[in-house]
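Let's take a walk through this structure together. Have the sequence and the model open side by side, and look up each part as we come to it.

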Amino acid sequence: MGKKGLLIILSGPSGVGKGTIRQEIMKEPDLGLCYSVSLTTRAPREGEKDGIDYFFVSEEEFERQVGAGNLLEYTRFVKHSYGTPRDYVERLRSEGKNVLLEIEVNGAMQVMRKMKDDPPLSIFILPPSYKELERRIRGRSTECEAVIQERLKQAKAELRLAENYSYRVINDNVGGCVSRIAQIIRQEMGS
């Protein structure tokens, strides 16, 4: 049997650029990355495919997965549930793939607690400054001030949890950030 793949968590506050960084890091051919597909109870959107974009399941099936302890992390968001299936992640890792989870801080904390015996490689993406994070949050949508204030308050709380991660990388520019993360993954693959 080959070497087991890494479980890599990419996390950070809302507005820090996780999605963009994930898309770019997935283009690095030597990293052997595979993006983890989540379970969700919401209906597929146009063009989404089961098993590719999400595993679409009923609320009952989702609860069964929670009860069986098969979710590394899960959350409810706007009336729907989302979670990371442990069996799927472990199957990919046993095939030698490095599995990438791009998840919110709360989900990352759940995964780290559940995987103390086989700790994931956790990378927290930091904004260059709080002021820049606020600029990004304000600039990316037409949300009302109350929602923006809630996002900023949550971001402050999440930034305090950065010390729980294996690595912290500042997203001052996407290319540089992706390059630093790729370097960390290569280093961990070699160890």
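Start with the open sheet, where 4 strands line up in the order S4-S3-S6-S5 with mixed pairing. Its edges are strand S4 (54-56) and strand S5 (71-77), each of which pairs on one side only. On average, neighbouring strands here are turned by 25° against each other, direction ignored. Keep in mind that this is a predicted model.

Now zoom in on S5 and its partner, strand S6 (residues 80-85): the two pair in the antiparallel sense over 6 bridges. If you want one spot to look at, find leucine 71, whose bridge partner in S6 is proline 85. Helix H2 (residues 59-67) packs on this sheet and touches strand S3 (38-40), S5 and S6. The direction of H2 makes about 140° with that of S5.

Next, move along to a pair of helices. The axes of helix H5 (residues 130-139) and helix H6 (residues 145-159) come within 10 Å and cross at roughly 145°, and H5 passes H6 in a right-handed crossing. Which residues meet there? On the H5 side they are Tyr130, Leu133, Glu134, Ile137 and Arg138, and from H6 come Glu145, Ile148, Gln149, Arg151, Leu152, Ala155, Lys156 and Leu159. Sort the residues of this contact by type and you get 7 nonpolar, 1 polar and 5 charged.

Two of the H5 residues also pair with each other: the side chains of arginine 138 and glutamate 134 meet in a salt bridge, 3.0 Å from N to O. They sit 4 residues apart in helix H5, about one turn of the helix. Arginine 138 is partly exposed at 32% relative accessibility, and glutamate 134 is partly exposed too, at 24%.

That's one salt bridge, but the count comes to 18. Side chains of opposite charge can pair when their charged atoms come close. A good place to see this is lysine 4, whose side chain meets that of glutamate 90 in a salt bridge of 3.1 Å, N to O. This pair links distant parts of the chain: glutamate 90 is in helix H3 (residues 86-94), while lysine 4 is in the segment before strand S1 (7-11), 86 residues apart. Lysine 4 also forms a salt bridge with aspartate 118, again 3.1 Å from N to O. Aspartate 118 lies in the loop between helix H4 (105-114) and strand S8 (121-126), 114 residues from lysine 4.

How do these bridges join up? Lys4, Glu90, Arg93 and Asp118 are linked in a network of salt bridges. Within it, glutamate 90 counts as partly exposed at 22% relative accessibility, as do lysine 4 at 38% and aspartate 118 at 28%.

Methods
Residues are numbered from 1 along each chain as its sequence is written. This is a predicted model: local features need pLDDT of at least 70, side-chain atom pairs count only at pLDDT 80 or more; totals for chains, interfaces and linings use all residues. Side-chain values use heavy atoms; hydrogens and water are left out. Two strands pair if DSSP finds at least two bridges between them. Axes are lines fitted to C-alpha atoms, for helices over the stretch in contact, and angles run from 0 to 180 degrees between N-to-C directions. Contact means heavy atoms within 4.5 Å. A crossing is left-handed if the near helix is turned anticlockwise from the far one by less than a right angle, and right-handed if clockwise. Ala, Val, Leu, Ile, Met, Phe, Trp, Tyr, Cys and Pro count as nonpolar, Asp, Glu, Lys and Arg as charged, and the others, Gly among them, as polar. A salt bridge is a side-chain nitrogen of Lys or Arg within 4 Å of a carboxyl oxygen of Asp or Glu. Buried means under 20% relative accessible area, exposed over 50%, partly exposed in between (1.4 Å probe, protein chains only).
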